[in-house]
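User: Hi! Could you walk me through how the descriptions of this protein are justified?

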Amino acid sequence: MSVRELVVLGTASQVPTRHRNHNGYLLRWDGQGLLFDPGEGTQRQMLRAGVAAHDLNRICVTHFHGDHSLGLAGVIQRINLDRVPHPVTAHYPASGQRFFDRLRYATAYRETVRLKQRPVAEDGELDRSKSYALQAHKLSHPVESYGYRLVEPDTRRMLPDRLAEHGIAGPDVGRLQRTGELNGVRLEEVSELRPGQKFAFVMDTRLCEGVYALAAEADMLVIESTFLDEDLQLAVEHGHLTAGQAAGVAVEAGVRHLVLTHFSQRYADPEEFERQARAAGFTGELTIAQDLMRVPLPKRR
């Protein structure tokens, strides 16, 4: 059975706290594992969350600030130490190639795994697998930053009553799905469109076009909310979002499940992020991320 869930490894902004590790998020998607923004301590958080190096197929780095990338060295070495049997692909801003190289070869180790480097230099599709297309959009931060978006292809849901009306059953259903037409009956007459799921990952950024492009109709949006609304000016100056801004994006984009994360250590009450998100008008499913939390993606539409 396919599993689609977010495993939260860390939720702190800039510095870890007693209760929050540096960033780290694993998306499980139909047997694939995508690790986003492995900050310092990610390897240990993986152990605590039951995530193995063998679970990783991609590493996606939004930008090269330490709280989003200092864990790369340990994760890459662990992939090689455990002799992961499949290639692992790394995506990161092309402008930070020197940082990626330094982290990849921070210390001596034996390379046993093929690590494919696919740096990001512009908006668009980065790669495509059987079950999703991976896209990137540029964000607005003091250093170059990209957000990521997974889009599952649309499919069609067969309608049993309409199939019965046309006398289509058994192996003929499969033939109709493969060919698009059977004995004068078109696939569209006996099925309906089933939208593919969409997942968006938005880290350090001000409000910008890329934020909305990533979030559009997302079934799950994982987005930074470093500041509370009363500190909006700080958010703008440092290239971040507030809880209200993040929720406002979710409302406008039609997001189903909003996950707020990347919290400044200045705030002691995480419930205030939820209050401000609701005050901004978001009425869908809302999660205030905590370390080691597992968050399932919503059921397909």
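Analyst: Happy to; we can take the whole protein and then one helix. This is a predicted model, where local features need pLDDT of at least 70 and side-chain atom pairs count only at pLDDT 80 or more, while totals for chains, interfaces and linings use all residues. Residues are numbered from 1 along each chain as its sequence is written, and side-chain values use heavy atoms, with hydrogens and water left out.

User: What makes the protein as compact as a globular protein of that length?

Analyst: The secondary structure comes to 10 helices and 18 strands, where helices (H or I, at least four residues) and strands (E, at least two) are DSSP runs numbered from the N terminus. The radius of gyration, taken over C-alpha atoms, is set against a globule rule of 2.2 Å times the number of residues to the power 0.38. For 301 residues that rule gives 19 Å and the protein has 21 Å, which is close, so the description holds.

User: Which residues of helix 6 are called buried, and why are they said to line one face?

Analyst: Buried means under 20% relative accessible area and exposed over 50%, with partly exposed in between (1.4 Å probe, protein chains only). In helix 6 (residues 171–179), Val173, Gly174 and Leu176 are buried. Their directions, from the helix axis to the C-beta atoms, fall within an arc of 160°, so they line one face of the helix. On the other side of helix 6, Pro171, Arg178 and Thr179 are exposed.

User: What do the buried residues of helix 6 pack against?

Analyst: Their partners include strand 10 (155–158) and helix 5 (160–165), with contact meaning heavy atoms within 4.5 Å.
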